[in-house]
Amino acid sequence: MNARMIPLLLLILLIGLAPFGNALATSFYSDVYGQRTWVGLSNFRYLLTDPALGYSLNITLAWALASTLLILTGGVLFASVLNRKGPGSRLFYGVLLIPWAVPVYIAVPVWRAIIHGNGGTSILSSLFGIEINLLTDPAGAFIATLFVAFWTGVPMTAFLLTGSLKKIPTSCIDAARIDGADEGAILSYITVPQIRGSLLILAILSFIKSFKEFSVIYLMTSGGPPLVSGITSRHIVGATGTIGVFLYEIFSETDDFGLIAAFSIIVMALVALCLLLWAYTRRPRRRRRPLALAAAVLQPVFAGWPGLVWSAFFITGYFRTKIFFIAAGAHVVYTIIMISAKGFLRGFQPAVLLSIAALLLIKTGERKRFRKRPALTVLPGISASLFFLFTSLALIFLVLI
């Protein structure tokens with residue numbers, strides 16, 4: 001390493017790791033306005049024994065996944081329009097500049113007035129007859145807040161993807177059109193594969209941003225409306241009560257900075273896990289199995305004692321890849337059954353995402369086998385992505401009510 005880079009490296013480490021180290025040290029104390037008392041793991045135990053943390057984590061994951069899918073799908077579609085030459089694309093570019101330029105603290109109250117108005121009686125209800133009361137309608141509040149987040153977040157994604165689209169040779173697209181390919185086929189078989197690297201990076205960044213989202217949610221609903229299934233002995237979790245909103249409530253209710261620091265450590269660990277999964281997707285396939293094994297070991301952390309069953313399946317499947325398919329499929333079915341029986345907040349376990357991630361990491365590189373199946377090529381172009389997107393959103397909204 002060049003000696004001149006050492007000061008810069010030290011500065012980066014200081015800026016990046018100092019807040020984390022301070023929070024980690026404070027999390028083991030009861031710190032009330034500087035009066036520090038050693039409590040060990042009591043702060044973590046206090047948070048992890050409250051079901052409200054798990055409920056808010058489930059809502060956060062549903063929010064982050066839905067928001068990421070919406071923004072990426074809209075970003076690809078809008079970028080394909082911007083990439084076309086003509087006055088229409090320039091006009092569309094100007095339209096997209098509006099949500100990008102308007103600050104969140106101005107845009108969100110305006111959208112709240114349009115959607116909610118006076119208890120559901122608003123411009124939206126006057127034009128389309130749809131009344132959404134953000135104070136009493138959980139599914140409506142979730143959908144409306146998700147739409148506003150999409151409106152504020154999709155322009156930047158579209159602009160970035162437009163730059164990637166301009167690198168695709170126009171000769172390939174022209175040849176496809178001469179052969180009779182429609183826009184959906186071009187988008188599915190030429191455009192998306194060419195920008196797959198950019199999509200992966202934007203997906204990770206969008207997921208992390210959505211995972212940490214606070215401003216849009218709090219300005220729209222303040223984490224509400226409350227859910228009956230989200231009532232615990234300490235907190236009431238609302239339909240949009242994400243991790244960020246939950247942390248703000250704890251910050252408002254307690255003077256113990258040690259408790260707040262412990263919560264921030266938990267959130268940072270979850271974000272670090274997402275980054276670790278992304279980092280290993282860029283490694284050779286033979287180096288991904290250790291991460292899949294680690295995901296299996298983490299099952300009990302997220303799922304409790306049922307996670308031991310899934311860990312046993314996944315550890316066994318470390319030597320037989322087909323068992324990973326069986327275990328992941330069984331885990332998904334089990335999760336759906338639990339959601340149907342207990343509702344989304346109580347039935348969903350984030351460990352199922354680890355199961356799916358482990359399966360995808362091991363099976364990446366075998367896409368050619370699946371492309372030969374006609375069933376996966378029935379829906380042309382982007383309609384396949386939209387089908388899975390709206391199916392996922394429908395499941396989330398139905399179980400959230």
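Helix 3 and helix 4 pack against each other at an angle of about 135 degrees, and their axes lie 8 Å apart. Angles over 145 degrees would count as roughly antiparallel, and 65 to 115 as roughly perpendicular; helix 3 and helix 4 are therefore oblique to each other. On the helix 3 side, the contact is made by Phe78, Val81 and Leu82, while helix 4 brings Ser89, Phe92, Tyr93 and Leu96. Sorted by character, the residues of this contact are six nonpolar, one polar and no charged. Please keep in mind, as you look around, that this is a predicted model.

Helix 4, which spans residues 87–101, also packs with helix 7, at an angle of about 130 degrees and with axes 8 Å apart. That angle makes helix 4 oblique to helix 7, and helix 4 passes helix 7 in a left-handed crossing. Here helix 4 uses Tyr93, Leu96, Leu97, Pro99 and Trp100, and helix 7 answers with Trp151, Thr152, Pro155, Met156, Ala158 and Phe159. The contact of helix 4 with helix 7 holds ten nonpolar residues, one polar and no charged. Two names may look familiar: Tyr93 and Leu96 belong to the contact with helix 7, and Tyr93 and Leu96 are also part of the contact with helix 3.

Now step back for a wider view. The protein has 21 helices and four strands. Of its 401 residues, 43% are buried. Among contacts between residues at least 6 apart in sequence, 69% join residues at least 24 apart.

Where do the nonpolar residues gather? In soluble globular proteins, nonpolar side chains tend to be buried together. In this model, the largest nonpolar core has 58 residues, and Leu47, Ile115, Phe211 and Phe263 touch the most other members. Helix 3 gives the largest share of this core, with twelve residues. Apart from it lies another core, of 15 residues, including Ala79, Leu165, Ala176 and Leu202. Returning to Leu47, you can follow its contacts beyond four places in sequence to Leu53, Ile250, Leu259, Ala262, Phe263 and Ile266.

Helix 9, residues 183–194, is another helix to visit. Which of its residues are buried? The buried residues of helix 9 are Ala185, Ile186, Leu187, Ile190 and Thr191. An α-helix has 3.6 residues a turn, so residues three or four places apart point the same way. The buried residues of helix 9 pack against helix 3 (51–82), helix 7 (138–165) and helix 8 (170–178).

Next come some buried residues with polar side chains. Ser27 sits in the loop between helix 1 (5–26) and strand 1 (29–32). Its relative accessible area is 0%, so Ser27 is buried. Leaving out residues up to four places away in sequence, Ser27 touches Gly40, Asn43, Phe44, Gly258, Ala261 and Ala262. One of these partners, Asn43, is found in helix 2, residues 42–48. Asn43 counts as buried because its relative accessibility is 6%, which is under the 20% cut-off. Beyond its neighbours within four places in sequence, Asn43 is in contact with Ser27, Tyr29, Asp256, Gly258, Leu259 and Ala262. Gly258 and Ala262 thus appear among the contacts of both Ser27 and Asn43.

Thr242 is in the loop between strand 4 (236–238) and helix 12 (243–253). With a relative accessible area of 1%, Thr242 is buried. How far apart are the C-alpha atoms of Thr242 and Ser56? They are separated by 4.9 Å, although Thr242 and Ser56 are 186 residues apart along the chain. Not counting residues up to four places away in sequence, Thr242 touches Ser56, Ile59, Thr60, Trp63, Glu213 and Ile217.

The tour ends in the loop between helix 11 (215–220) and strand 3 (226–231), where Pro225 lies. The peptide bond from Gly224 to Pro225 is cis, with omega near -5 degrees. Ser222 has its place in the loop between helix 11 and strand 3 too. Although Ser222 is not a glycine, it has a positive phi of about 55 degrees. Is Ser222 buried or partly exposed? Ser222 is partly exposed, with a relative accessible area of 39%.

Definitions and conventions
Residues are numbered from 1 along each chain as its sequence is written. This is a predicted model: local features need pLDDT of at least 70, side-chain atom pairs count only at pLDDT 80 or more; totals for chains, interfaces and linings use all residues. Side-chain values use heavy atoms; hydrogens and water are left out. Buried means under 20% relative accessible area, exposed over 50%, partly exposed in between (1.4 Å probe, protein chains only). Contact means heavy atoms within 4.5 Å. A nonpolar core is a set of buried Ala, Val, Leu, Ile, Met, Phe, Trp, Tyr and Cys residues joined through side-chain atoms within 4.5 Å. Axes are lines fitted to C-alpha atoms, for helices over the stretch in contact, and angles run from 0 to 180 degrees between N-to-C directions. Angles under 35 degrees count as roughly parallel, over 145 as roughly antiparallel, 65 to 115 as roughly perpendicular and the rest as oblique. A crossing is left-handed if the near helix is turned anticlockwise from the far one by less than a right angle, and right-handed if clockwise. Ala, Val, Leu, Ile, Met, Phe, Trp, Tyr, Cys and Pro count as nonpolar, Asp, Glu, Lys and Arg as charged, and the others, Gly among them, as polar.
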